[in-house]
Every structure is written in C-alpha cells, then in structure tokens.
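Reader: I'm new to this one and would like to walk through it piece by piece. Could you show it to me first?

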Amino acid sequence: MLFERQKCLLALVDSLGGDVGALDFQKLLFLYCREVEATPSYEFVPYRFGGFSFTSYADKRRLIEQGLLADEERCWKLTPAGRRVATVPSMVRMRMDQFSKRHCKMRGDALVAEAYRRHPFHATRSEMAGRVLAGEAPALAAIKAARPPAGVPGVCTIGYEGSSLEGYLNRLLHAGVTLLCDVRRNPLSRKYGFSKSTLSKACEGVGIKYEHLPELGIASDERQELNNQADYDALFAAYERESLPRQTEALKKIGAWVSAGERVALTCFEKLPEQCHRHCVAEALARTFGRKFAPQHL
C-alpha cells in the first residue's frame, strides 16, 4: 500500500523520463510541490543546496525496499515494477506532464539558480548560492532579506502534533530558535522525523542545536486516561507538585543556555500547550529566572 505522496513521487520520476539525478529531482520536486500542487505532497526546509525534503528521502528508501526505485544514491530511477504503479489521476498527470515539459531542458546549476530566484527563503542556508547566482545582485539580496531575523534570547514552546518534520523545522527557523530542548521522557515517535536520532540530525542540518532533558518528562504510564482538560490539569498539578521541584539542575541548564544567548524551544508532542507539560516547565523557568523567560507558544 502506497501513500498518495509516494505515488506522486513515482509518477513525477516517470513524467521526467524515469531516471533523474538526485539534486535535479529534489529541485524539480520542490518546484512542483510549491508551484503546481494546491496542497503540497511534500514540504521543504532551507538546506545545504536549497529546498530539501527529509520526508521525500525517507519515502525513497521505502520505495527502494519495495523494489519500485533502483537502489542508487545519485539518482531517482524507476524499476519496471515502479513504472507499472506510477499512476495518478489523469488531471494530476496532465499537470505533471506540463510541468515536466516546461522544465525538460533545465538541469544542474541553471535549475538550482531558478529555484533560488523563485523561492529565496529556501536558499538561505545554501552553500552554492554565491556560485550559481554569481553576478546576480538582486537575487542574492533577496536571499539575504529572506533570512529570518536572529531570535531574541529566551524561551518558547512547540508541539509537533499535526506537523511534518519540515513544517516543524520551518516554524522553529521563522521564530529564530537556536536550540531545541526535547522534554519527552522517551523521545520516540511513530511519526516520521520525531524520534531523537532523526530529529537531532535534522535540527543540525538547518543550524539548530538539539538537547534532550528526559528528567523533565512525564512517564507514559502516568499519561493514561486523559479524556478532558480536567484530566490534563490534574496530571500537571501533580507534576508541578511532585516532579518539577526535583529538577532544579535541568532548569538551571536551560537558564544557562538562555543566558549564553540561545533562543530555546521546549518541545513535546501535543499541539496545545495546555495539554502538554512543557508549559509547566516554561512557567517554572519564568518564576525562577524572571520575565525574560516568559514563554511564547509557537
């Protein structure tokens, strides 16, 4: 069983000829998702070579395992089995083929430069913008202007519920976050991108530090039977009464990061801060260290 976005991947590779270089395909997928699809199949972050989707590469690995893409690092290549299942609705395929026809001769640096001109935010961490846009002062100025401003040292909170990894990282970047502090007891997730190893590497890739303070978490067996806000409130009252007062060292560590100039985001799963213990940690920091630590909830 394939996800719709994975079918889109296969169909786009097929539309582009069935064999596309890795960097070219990532830029073409980026332009297709941003400019053709009403609801993008993939989101992208500003990365070393421009807009990049971690999720698309995770899907590539799955499609290789299923024998639908060739196991080749430097290209996206359909196998015969992949070509047979590279089907999308006819109107989608028509738009895809029109897109492929418009971009049939655009590859390499010319393609990268065009993506940068159209979407400067996604070029803000590029290592090649100066080369591929050499002599194009307006385009380089647009990239500089698209960089999010440096975040004011302090504390904010964010949950990943309902977010893709890329959307989540972009929220952090736009908020000027420089350090992500994971306050989950067990930093594992069935949702792609949010287990500790993947999340820490993704943060590193966009220039955000990652730290994990499991002692600030709540054990999973204490989070059962949370059916309404009153249940959450009771859980957090017990957490603030029994657990949080024993975590002065962890709070001091966060305080030291902020004092050193970091904008720290406390993260856990829940979208709503009032349904997550991270708001308790943030409020404890504000009580301990003063108004500078009053949290913003992203």
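Reader: Which helix is Lys-252 found in?

Author: A quick note before the answer: residues are numbered from 1 along each chain as its sequence is written. The model is predicted, so to speak, by computation alone: local features need pLDDT of at least 70, side-chain atom pairs count only at pLDDT 80 or more, totals for chains, interfaces and linings use all residues, and side-chain values use heavy atoms, with hydrogens and water left out. Helices (H or I, at least four residues) and strands (E, at least two) are DSSP runs, numbered from the N terminus. On that numbering, Lys-252 sits in helix H12.Reader: Is Lys-252 buried, partly exposed or exposed?

Author: Buried means under 20% relative accessible area, exposed means over 50%, and partly exposed is in between (1.4 Å probe, protein chains only). Lys-252 has a relative accessible area of 48%, so the label is partly exposed.

Reader: How far apart in space are Lys-252 and Met-1?

Author: In sequence, the two are 251 residues apart. From C-alpha to C-alpha, the separation of Lys-252 and Met-1 in space is 48 Å.

Reader: Stepping back, how many helices and strands does the protein have?

Author: The protein has 298 residues, and buried ones make up 50% of them. Its C-alpha trace spans about 65 × 50 × 30 Å along the principal axes. The secondary structure comes to 13 helices and nine strands.

Reader: Which helix gives the largest share of the largest nonpolar core?

Author: A nonpolar core is a set of buried Ala, Val, Leu, Ile, Met, Phe, Trp, Tyr and Cys residues joined through side-chain atoms within 4.5 Å. The largest one has 29 residues, and those touching the most other members are Leu-9, Leu-10, Leu-12, Phe-25, Leu-29, Leu-63 and Trp-76. Helices H1 (4-15), H2 (22-35), H5 (90-102) and H6 (108-118) each supply at least two residues of this core. The largest share, eight residues, comes from H2.

Reader: How many residues of H2 are buried?

Author: H2 reaches 20 Å from its first C-alpha to its last, close to the 20 Å expected at 1.5 Å a residue; that expected span is 1.5 Å times one less than the number of residues. Among its buried residues are Phe-25, Leu-28, Leu-29 and Tyr-32. H2 is largely enclosed by the rest of the structure, because the buried count out of its 14 residues is 11.

Reader: Which residues is Phe-25 in contact with, leaving aside neighbours within four places in sequence?

Author: Contact means heavy atoms within 4.5 Å. With those neighbours left aside, the partners of Phe-25 are Leu-9, Leu-12, Val-13, Leu-16, Val-20 and Trp-76.

Reader: Trp-76 keeps coming up. Is its aromatic pair with Tyr-57 stacked or edge-to-face?

Author: Rings of Phe, Tyr and Trp (its six-membered ring) pair if their centres lie within 6.5 Å; planes under 30 degrees apart count as stacked, over 60 as edge-to-face and the rest as tilted. Tyr-57 is in helix H3 (residues 54-65) and Trp-76 in strand S4 (residues 75-77), so the pair ties together parts that are 19 residues apart in sequence. With 5.4 Å centre to centre and 80° between the planes, the pair of Tyr-57 and Trp-76 is edge-to-face.

Reader: And what about Tyr-160 and Phe-194: are their rings stacked or edge-to-face?

Author: Tyr-160 is in the loop between strand S5 (154-159) and helix H9 (165-174), while Phe-194 is in the loop between strand S6 (179-182) and helix H10 (196-205). Both Tyr-160 and Phe-194 are buried. Their ring centres are 4.3 Å apart and their planes at 5°, so the pair is stacked.

Reader: Which are the edge strands of the open sheet of five strands?

Author: Two strands pair if DSSP finds at least two bridges between them. This sheet has parallel pairing and the order S7-S6-S8-S5-S9. Each edge strand pairs on one side only, and these strands are S7 (209-212) and S9 (296-297).

Reader: At what angle to S8 does H12 run?

Author: Axes are lines fitted to C-alpha atoms, for helices over the stretch in contact, and angles run from 0 to 180 degrees between N-to-C directions. H12 (residues 248-259) lies across S5, S6, S7 and S8, and its angle to S8 is about 140°.

Reader: Last one: is His-277 buried or exposed?

Author: His-277 lies in the loop between strand S8 (263-268) and helix H13 (278-289). Not counting residues up to four places away in sequence, His-277 touches several residues, including Val-183, Phe-236 and Cys-268. At 1% relative accessibility, His-277 counts as buried.
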